[in-house]
Each structure stands twice: as C-alpha cells, then as structure tokens.
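Hi everyone, thanks for making time. I'd like to walk you through one structure today, so please have a look at the screen.

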Amino acid sequence: RSSRREVPQMRFKAELFDPEALISILASLEKVSNEITLVLEPENVHFRISRNSLSEENAFVQIPTEAMFDEYKIESKNNNIIGLAIRASNLIASIRTGKRSQRIVVKLSKKDRQPCLKIEMVMDNNEITQDVPVTLLNKRQIQVVISDEQSGKYEFHEWRGLYLQFFEEILILRMASHSELIK
C-alpha cells in the first residue's frame, strides 16, 4: 500500500468550432474584469465574474456545450464538473491566434506542474500549441459560484439581459447551421 494521497483525476477535452463566439463572450466579460471563473459541466459552460464590492458589476454567461464545442468530453470526481479561474486576456490571445485554423482543440493539462488549458490549433498542416495557465477550483469554490448565480446575486441591467438573450439566439442559430454542415 502506498501512503501517497490520491490525486483527483480531471479530464477535459473539446473541439472548439466557433472561436469568434468564445472571443466575443470573453471580450465582453473582460471589460468588467480580467479574472474570469469558468465552470465546465457536461451540458453547459459557465463564464462568471464576481464583484468584490457593491460598486462593481457581476456578470455571467451560460452556454450549452453543443453551441460551441464538438467532441466535448469531461470527467471529474466532482460529478463531472470542473472549475477554473483564468485571465480572460490570456485565453483571448490564444484563441485569436488560431481563429483561422482548421481545427482548435482545448484540453486541460499541466505544464511544469501548473494546470493549463492547452490550445492546439492546426493551420496549413502546422500545429501550434499554447498553454494558458489556470487555477483549479475545489468543490466548495465551485458550489459558491453556482449558488451565487441561483440566489440572484448576479443582476443585469435590462440591456445586458437583452444582449445575452440575443447572443444565445445567435449561438443557437450557429449551432443549427453547424449541425447541417455535418450531415
């Protein structure tokens, strides 16, 4: 028997088929804060910003995984939910690098013991890889983020709600057109 503590296994891998949509979400949220919480679930991806004081804005966007990703695979001991804290500017820069690529794969990895989102892009028979550092959230931290959303702590001005509703409709249309291309 080994006395080593068991390290929880987390796996995430997905093919991003709509980099422009992801860049738009991140750029909008980055205007409020560069620090974003990303909660990956089997059915949805949540992008969140929490305010530190009453004068700051809260914001969140929830997107169905199929609206932005193909071959979406997630596994964790936390009911297949993974929480990450990430700098929006770093992720935006990586995704912009490959927005004209034929394929973008995003996966959770480690580089020098630092958790990262590895962005693998295939462009003109060349593969470009970028590692975006992340901080993994524990189960309690993820639950706080999710319960804040459900409790109504995230409030939107009317124009923001309309914008997000409009954005979600665009994603649904993109998802439908993407599904037609696959057939």
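I'll talk about some ring pairs, then a loop residue, then a strand and its neighbours.

One thing before we start: this is a predicted model, so keep that in mind as we go.

Okay, aromatic rings. How many aromatic pairs turn up in a search of the whole structure? Three. Let's take Phe12 and Phe69 to begin with. Their ring centres are 6.5 Å apart and the planes sit at 85 degrees, so we call that pair edge-to-face, given that anything over 60 degrees gets that label. Now look at where these two sit along the chain. Phe12 belongs to strand β1, residues 11-16, while Phe69 belongs to strand β5, residues 69-75. That's 57 residues apart, so the pair links distant parts of the chain. And are they buried or exposed? Phe12 is buried, and Phe69 is too.

Phe12 also pairs with Tyr72. Here the ring centres are 5.4 Å apart and the planes are at 70 degrees, so this pair is edge-to-face as well. Tyr72 is in strand β5 and Phe12 is in strand β1, so this pair ties together parts 60 residues apart in sequence. Tyr72 is buried, just like Phe12. Put it together and you get a cluster: Phe12, Phe69 and Tyr72, linked by ring pairs.

Hold on to Tyr72, since we meet it again with Thr65. Where is Thr65? You'll find Thr65 in the loop between β4, residues 59-64, and β5. Its relative accessibility is 6%, and the cut-off for buried is under 20%, so Thr65 counts as buried. Who does Thr65 touch, if we skip residues up to four places away in sequence? Glu41, Pro42, Glu43, Asn44, Val45 and our friend Tyr72. There's also a distance you can check on screen: the C-alpha atoms of Thr65 and His46 are 9.5 Å apart, with their positions 19 residues apart along the chain.

Last stop, strand β2, residues 35-40. This strand is mostly covered, with five of its six residues buried. Which strands does β2 pair with? One is β6, residues 82-87, in the antiparallel sense over six bridges. In that pairing, Glu35 stands opposite Arg87. Another is β3, residues 44-49, also antiparallel, over four bridges. There, Leu38 has Phe47 as its bridge partner. And β2 runs into β3 through a hairpin of three residues.

That's my tour, so over to you for questions.

Definitions and conventions
Residues are numbered from 1 along each chain as its sequence is written. This is a predicted model: local features need pLDDT of at least 70, side-chain atom pairs count only at pLDDT 80 or more; totals for chains, interfaces and linings use all residues. Side-chain values use heavy atoms; hydrogens and water are left out. Rings of Phe, Tyr and Trp (its six-membered ring) pair if their centres lie within 6.5 Å; planes under 30 degrees apart count as stacked, over 60 as edge-to-face and the rest as tilted. Helices (H or I, at least four residues) and strands (E, at least two) are DSSP runs, numbered from the N terminus. Buried means under 20% relative accessible area, exposed over 50%, partly exposed in between (1.4 Å probe, protein chains only). Contact means heavy atoms within 4.5 Å. Two strands pair if DSSP finds at least two bridges between them.
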